[in-house]
Structures are given as C-alpha cells and as structure tokens.
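Colleague: I am new to this structure and would love a close look at a single part of it. Could you walk me through the picture once it is on screen?

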Amino acid sequence: MKFDYVVIGSGPSVYRFLLGMQNSGKKIAVVEKNRFGGICPNEGCEPKIFLEGAARATLTSMRLQGKGITQPAKLDWKELIQQKNKAMASFLNNMQSMYEGLGATTIKGEASFVDQHTIEVNNKKITADNFVIATGKKPHPLNIPGHEYLLTSTNLFELEDTPKNVAIIGSGYVGMEFATLLSAAGVKVTVIVRSGNH
C-alpha cells in the first residue's frame with residue numbers, strides 16, 4: 001500500500017491534522033495499535049470529566065452538610081465506572097469511523113520502520129512519502145522494588161471496586177485529580193511527593 005502520509009497514532013492532534021488535510025487530495029493512512037482516539041478519549045480527559053461530575057456533586061454535598069444538607073451524597077464507584085463505560089463506548093466506537101469520514105484509511109496494528117519510506121504493520125509493508133509520528137506518551141515506570149504491583153492512571157479508570165487506602169506517587173495534575181476522585185469515593189488517599197516543589 002502506498003500513501004502520501006502515514007500517521008502513526010490516532011490522538012486528538014491527528015484529528016486536527018486530518019481536518020487540515022481535507023480537500024488536499026493527499027492519500028492518508030492512520031495506524032493505531034491500541035484504541036483509536038488516543039489517550040484523551042480512552043484513558044484521560046473524557047472519562048475523567050465524566051467521573052468528575054459525580055465527584056464534584058458528592059464533595060459539594062459534603063461541604064454543605066450542616067448548612068441545609070442533612071445527608072451528603074455517597075459516591076457509588078462501581079456504578080459510576082459502569083456508567084462511564086456505557087457512556088464512552090459509543091463515543092470510542094465512532095473515533096475510527098470519524099477518521100475514515102475525514103478521508104483517512106485506518107489500520108489497526110503496531111507499526112515498525114523498515115526504512116525511511118516503509119513501515120510494516122500486521123506483516124504487510126506500507127510505503128509513504130511522509131510519516132507523522134503522533135504516538136503520545138505513557139506513564140513512566142518507576143524503577144523501585146515492587147513496581148510490578150503499581151497501578152497507572154489507565155488502570156484506575158477500570159477499577160470496579162475501590163480499595164480502602166491508596167498512595168499516589170506524584171502531585172502533578174493527573175495525580176491530584178485522581179486523589180480528589182478517590183477521596184470523593186471514600187478512599188483514604190496519601191500523596192507522596194519527591195520534593196517540596198509541587
């Protein structure tokens with residue numbers, strides 16, 4: 001198969017790229033080894049926003065207890081995750097179709113370079129004049145004893161039952177968002193920070 005452009009990865013930046021390339025007459029393929037749409041709709045922004053709505057209502061009701069609210073809301077994490085999965089399913093199934101609607105050929109599989117103009121996906125060679133690498137990032141593994149037992153933010157989106165205690169390593173915005181969500185679900189959260197600059 002021969003293309004003008006092959007994009008490896010399928011996150012939000014690829015959507016914008018395809019919008020910009022409409023009516024260009026260029027033949028474009030998008031290769032994705034996991035789920036189309038990338039981190040944001042699958043394991044980041046969109047599911048987090050969905051969960052945040054319930055967490056915000058729960059935390060607000062807790063703050064208003066004794067100020068007109070006698071019984072604060074209790075977040076049902078298992079039900080919330082199930083509702084999140086239902087809400088996200090149709091959206092995620094549409095991502096691949098959306099890219100195809102913008103004129104791209106979509107290919108599911110892991111790409112590896114053969115040479116500067118050729119990749120191999122699912123044992124098939126694909127050539128292109130230009131490659132765009134848009135694979136995004138993934139959680140940084142920690143080289144500490146017991147690292148194989150650590151969960152990532154991706155794993156937390158799939159947790160059906162909440163533990164009683166959680167330690168979050170790092171105080172960046174993703175860690176603090178999960179600290180808030182889990183606290184709203186009644187989990188005792190400890191945030192571990194490497195230094196005082198957080």
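Colleague: Which residues of the largest nonpolar core touch the most other members?

Modeller: Happy to help, and please keep in mind that this is a predicted model. The residues you ask for are Leu 51, Leu 75, Trp 77, Phe 178 and Leu 181, in a core of 17 residues. Four elements each supply at least two residues of this core: helix H3, helix H4 (77–101), strand S7 (165–169) and helix H6 (173–184). The largest share comes from H6, with 5 residues. As a general background, nonpolar side chains in soluble globular proteins tend to be buried together.

Let us start from H3, which covers residues 45–63. This helix has 19 residues and reaches 26 Å from its first C-alpha to its last, close to the 27 Å expected at 1.5 Å a residue. H3 also has a kink of about 25°, centred on Glu 52. Along H3, the buried residues are Pro 47, Lys 48, Leu 51, Ala 55, Thr 58 and Ser 61. You will recognise Leu 51 from the list of core residues that touch the most other members.

Next, find Leu 75, another residue on that list. Leaving aside residues up to four places away in sequence, Leu 75 touches Ala 54, Ala 55, Thr 58, Leu 80, Ala 184 and Ala 185. Two of these names, Ala 55 and Thr 58, are among the buried residues of H3.

Now turn to Phe 178, also on the list. Its ring forms an aromatic pair with Phe 157, and the arrangement is edge-to-face: 5.1 Å centre to centre, with 65° between the planes. The pair links distant parts of the chain, 21 residues apart, as Phe 157 sits in the loop between helix H5 (153–156) and S7, while Phe 178 belongs to helix H6. Both Phe 157 and Phe 178 are buried.

For context, a search of the whole structure finds 4 aromatic pairs. Another of them joins Tyr 5 and Phe 17, again edge-to-face, at 5.7 Å centre to centre and 65° between the planes. Here Tyr 5 lies in strand S1 (residues 2–8) and Phe 17 in helix H1 (residues 12–21), 12 residues apart. Phe 17 has a relative accessible area of 23%, so this residue counts as partly exposed.

Terms used. Residues numbered from 1 in each chain as written. Predicted model: local features only at pLDDT ≥ 70, side-chain atom pairs only at ≥ 80, totals over all residues. Heavy atoms only, no water. Expected span 1.5 Å × (residues − 1). Bend = angle between axes of the 7 residues up to and from the residue. Buried < 20%, exposed > 50% of the residue type's maximum accessible area, 1.4 Å probe, protein only. Core = buried A, V, L, I, M, F, W, Y, C linked by side-chain atoms within 4.5 Å. Contact = heavy atoms within 4.5 Å. Phe/Tyr/Trp six-rings, centres within 6.5 Å; stacked < 30°, edge-to-face > 60°.
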